[in-house]
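Me: I would like to go through this structure and ask what lies behind the words used for it. Please set each value against its cut-off.

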Amino acid sequence: MNDRTSVATTLLLARGLVKRLASGERELTVLDGVDLEIQTGETVAILGPSGSGKSTLLGLLAGLDRPSAGDVVIDGVSLAGLDEDGLALLRRRLVGFVFQSFQLLANLTARENVLLPLELTGVRDAERRTDELLGAVGLSERAHHYPAQLSGGEQQRVALARAFAPRPRLLFADEPTGNLDGATGERVLDLMSELQRQHGTALVVVTHDLEVAGRADRRIHLRDGRVVSIELGRSPLHASESRAIVPKGATSESATSESTL
Ligand code: ADP
Ligand code: MG
């Protein structure tokens with residue numbers, strides 16, 4: 001635990017997260033005691049080999065799934081203390097999610113995909129918000145197209161508009177450019193950063209892309225369900241705390257080989 005824990009801007013705090021899953025006769029420990037914090041407005045990249053537990057961790061942090069042990073506290077609220085309705089309400093109020101596979105509703109237009117969740121939660125300026133966000137991602141002209149009529153990059157931009165429209169304070173993205181070509185992925189990331197800056201949203205992004213990771217304020221490396229190193233620092237603003245932290249049990253090599261900045 002570092003000295004950032006106590007500052008008032010901590011938006012999410014995860015302690016001792018364990019996730020066990022049944023795997024045939026055996027039990028598989030997918031996450032094995034993960035601690036982390038997310039500060040208001042920061043960008044955190046989660047990196048690690050396939051199967052290291054990145055998606056599982058994101059699901060727990062976003063309150064989409066429950067840990068076997070440990071807890072997540074978002075904006076001072078312990079998720080362990082919430083029932084399913086309470087969880088759903090908190091997610092709706094504070095959390096957005098962007099999936100690798102876009103997950104748009106096929107029988108709704110781009111505009112309806114963004115508008116529907118806003119209307120369901122009773123957002124007052126839902127129509128205006130929707131058109132604003134579709135404009136921000138450059139899809140005003142495509143508003144009435146169905147997902148099947150849009151390219152992968154366009155679908156992911158609709159998904160971004162949908163995720164940002166309710167003004168979440170925390171946005172999770174699980175390999176948001178994993179299904180896009182390089183240039184399209186780049187455009188989607190630029191948009192995500194831009195929206196994040198405008199909205200002051202904290203962004204937690206799982207990625208294999210070192211370019212994406214390089215933009216983050218912190219890079220958290222997972223291996224076999226454990227945090228093996230955390231790199232701090234992106235901009236000169238963060239230079240004074242640019243260092244690698246090696247949690248107990250991790251090899252020093254994993255920290256020094258992935259130097260900061
Ligand atoms: P990553 O996103 O880093 O690739 P995941 O979090 O998706 O990793 O998965 C971590 C491990 O948990 C993998 O070994 C995966 O096979 C296993 N796993 C994930 N979901 C399930 C599930 N529902 N049932 C059984 N095993 C699972
Ligand atoms: Mg994954």
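Reply: This is a predicted model. Confidence in the protein is highest in strand S4 (residues 69–74), at a mean pLDDT of 98, and lowest in helix H8 (residues 252–256), at 40. The mean pLDDT of the protein is 86, and 86% of its residues reach 70 or more.

Me: Over which residues does pLDDT stay under 50?

Reply: One such stretch is residues 235–245, for which the model has 21 contacts beyond four places in sequence. Another is residues 250–261, with 23 contacts of that kind. Where pLDDT is low, the predicted coordinates should not be read in detail.

Me: What makes a residue part of the shell around ligand 1, and which residues are in the shell?

Reply: The cut-off is a C-beta atom, placed from the backbone, within 6 Å of the ligand. The residues around ligand 1 are Leu21, Ser23, Leu28, Val30, Gly48, Ser50, Gly51, Ser52, Gly53, Lys54, Ser55 and Thr56.

Me: Which elements supply at least two residues of that shell?

Reply: Strand S1 (10–23), strand S2 (26–39) and helix H1 (54–61) each do so. The largest share, 3 residues, comes from H1.

Me: How do the residues of the shell around ligand 1 divide by class?

Reply: There are 3 nonpolar, 8 polar and 1 charged. Gly counts as polar, so Gly48, Gly51 and Gly53 of the shell fall in the polar class.

Me: Why is H3 called oblique to H4?

Reply: The axes of helix H3 (residues 110–120) and helix H4 (residues 126–136) come within 9 Å and cross at roughly 140°. Roughly antiparallel needs an angle over 145 degrees, and roughly perpendicular covers 65 to 115. An angle of roughly 140° fits neither, and H3 is therefore oblique to H4. The crossing of H3 and H4 is right-handed.

Me: Which residues make the contact of H3 with H4?

Reply: On the H3 side they are Ala110, Arg111, Val114, Leu115, Leu118 and Glu119, and on the H4 side Ala126, Glu127, Arg129, Thr130, Leu133 and Leu134. By class, this contact has 7 nonpolar, 1 polar and 4 charged residues.

Me: How do you know that H5 and H6 are roughly parallel?

Reply: The axes of helix H5 (residues 152–164) and helix H6 (residues 182–199) cross at roughly 15° and come within 10 Å. Angles under 35 degrees count as roughly parallel, so H5 and H6 earn the term. Their crossing is right-handed. H5 brings Gly152, Gly153, Gln156, Arg157, Leu160 and Phe164 to the contact, while H6 brings Thr184, Arg187, Val188, Leu191, Met192, Leu195 and His199. The classes in the contact of H5 with H6 are 6 nonpolar, 5 polar and 2 charged.

Me: Why are H3 and H5 described as roughly parallel?

Reply: The axes of H3 and H5 cross at roughly 20° and come within 9 Å. With the cut-off at under 35 degrees, H3 and H5 are therefore roughly parallel to each other. The crossing of H3 and H5 is right-handed.

Me: What residues meet where H3 contacts H5?

Reply: Ala110, Asn113, Val114 and Pro117 of H3 meet Val158, Ala161 and Arg162 of H5. The residues of this contact divide into 5 nonpolar, 1 polar and 1 charged.

Note on methods: Residues numbered from 1 in each chain as written. Chains lettered and ligands numbered in written order. Predicted model: local features only at pLDDT ≥ 70, side-chain atom pairs only at ≥ 80, totals over all residues. Helix = DSSP H or I, 4+ residues; strand = E, 2+ residues; numbered from the N terminus. pLDDT = per-residue confidence, 0-100. Contact = placed C-beta atoms within 7 Å. Axes fitted to C-alpha atoms, helices over the stretch in contact; angles between N-to-C directions. Left-handed = near helix turned anticlockwise from the far one by under 90°.
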